[in-house]
Amino acid sequence: MRATRHSLFLALVLAAGAIAPTGVTAADPAVAAAARDEVLVRYRADVSVAQRRAIPRDLGLNVVSESATGRTQVVVGRGISPATVRRRLDADPRVLAVAPNYQRELADEITAEPGFSSEWGIHNIGQRLSGTQTQTGISDIDIDGLEALRITHGEASIVVAIIDDGVDFNHPDLEDRAWTNPDEAAGDPGVDDDDNGFVDDIHGWDFCNDDASLHDAGQDSHGTHVAGTIAASLDGSGVVGVAPGIRIMALKFIDDGSTCGSDGMAVDAIDYAASFGVPIINASWGGPQRSTALEAAIFDARTHSLLVAAAGNQGWNMDGEDPKSYPAASLNANILSVAWIKQNGQLDTDSNYGATSVDISAPGGNILSTLPGGYGFGSGTSMATPHVAGVAARYLQTNTGASAAT
């Protein structure tokens, strides 16, 4: 485990299986290198606006983009290599962290098979399912979700941010689960009513396309599936989430194209969630490159937010040397890394694992959840991670004062 463990880690003991081998597909080498020679820089909190503008100019850099807070920039060198750019920035005492602007990939494969099959992760009775694969379960290898739902459904005041490829809140199981930004909802269309740098961010933000559209047709199956596992409504139809009474903040940063999924966008999404004090962030994605800038943003969110991260699906032992999947393998105390088990309680051979690098395992194979237009199965650490995020949300409800910081 990481050097500093908070009480929430200890509370999240899911029934079943050892924490050892069981997604994220390794990035293509051409994409895995720094995205378009871009460099991601995170400035220290006390660096002024004037200084942040002067530093790139003085070092011969062009600013590609800047976060709403101003603390993060994506830059490229003018006639100098990315390595030189990173070296110059790293030597500046006003810079907190610098890294290539890597791209991340989603941590699973989803097979869209709409239906009403049993959710073994919530209540395993030994059912046989044919989803992404055919498996027979072992009774009570689950998170005791049924027992928990008989006590409480989770409070609407608790918010989980899903940083992913978007969420389809038009889905009947998710339409009542959207978090609402009160200032923007009550404000004027086309106006940044809460003055946070985002116009009409009523239910979240799309950092991929820089707009408030959270559902882009054909692109948000992954995030919608994750959202259903966390919070699909208990309404007598479809499926039910682990915490069906909470709210979901949708933050898109990735899609099927090559221009999105960068660490700069992920950092902006993390900053956004932290700015609203969101206690839990679901990160069902990763990549084999470590980014100190991404880790710095996660660290800065530690007072408010626990980042529940997919360990990855390559079958790697992340206690060893590289390769590893990040941010799950990062050492931040407010990251909870999740492996995935099958219906029989065994760690899937595709799951990354590690006695010290991976914190917990959860149901991740043959998981039925919401998809745009219906329901379907998915497998991977992407599916295990929202089970843990949902349990964390339920824990916050019954443990007043608990936080990522404690």
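Let me start with the largest cavity, which is lined by Glu119, Trp120, Gly121, Ile122, Thr229, Val242, Asn366, Ile367, Leu368 and His387. I should say at once that what we are looking at is a predicted model. The volume of this largest cavity comes to about 60 Å³, and when its lining is sorted by class there are 5 nonpolar, 4 polar and 1 charged residues.

From the cavity I turn to the largest pocket, whose volume is about 440 Å³. Its lining is made up of 26 residues, and those that lie nearest its centre are Glu66, Ser67, Phe207, Gly264 and Asp268. If we ask which elements give two or more residues to that lining, they are β2, residues 61-66, then β3, residues 72-77, and α8, residues 263-275. Of these, α8 gives the most, with 6 residues. By class, the lining of the largest pocket has 9 nonpolar, 11 polar and 6 charged residues.

Two of the elements just named, β2 and β3, belong together, since they form a hairpin with 5 residues between them, and in the turn Gly70 has a positive phi of about 85°. The two strands run antiparallel and are joined by 5 bridges; as an example to find on the screen, Leu61 has Gly77 in β3 as its bridge partner.

The third element, α8, leads us to the sheet. Here 7 strands form an open sheet with parallel pairing, and their order is β10-β11-β9-β12-β14-β15-β16. At the edges are β10, residues 204-206, and β16, residues 360-363, each of which pairs on one side only. From one strand to the next, the twist averages 25°.

Within this sheet, let us look at one pair in detail: strand β12, residues 280-283, runs parallel to strand β14, residues 306-310, and 4 bridges join them. Among the residues involved, Ala283 has Ala309 in β14 as its bridge partner.

Which strands, then, does α8 touch as it packs on the sheet? The helix touches β9, β10, β11, β12 and β14, and its direction makes about 150° with that of β11. Helix α10, residues 381-398, also packs on the sheet, where it touches β9, β12, β14, β15 and β16, and its direction makes about 125° with that of β15.

To draw the parts together, α8 is a helix that packs on the sheet and that also gives 6 residues to the lining of the largest pocket, a lining to which the hairpin strands β2 and β3 each give two or more residues.

Methods. Residues numbered from 1 in each chain as written. Predicted model: local features only at pLDDT ≥ 70, side-chain atom pairs only at ≥ 80, totals over all residues. Heavy atoms only, no water. 1 Å grid on protein atoms, 1.4 Å probe; cavity = no way out; pocket = protein on both sides within 12 Å on 5 of 7 lines; lining within 4 Å. Points joined across faces, edges and corners; volume = space filled by probe spheres on them. Helix = DSSP H or I, 4+ residues; strand = E, 2+ residues; numbered from the N terminus. Nonpolar A, V, L, I, M, F, W, Y, C, P; charged D, E, K, R; others polar. Pairing = 2+ DSSP bridges. Axes fitted to C-alpha atoms, helices over the stretch in contact; angles between N-to-C directions. Contact = heavy atoms within 4.5 Å.
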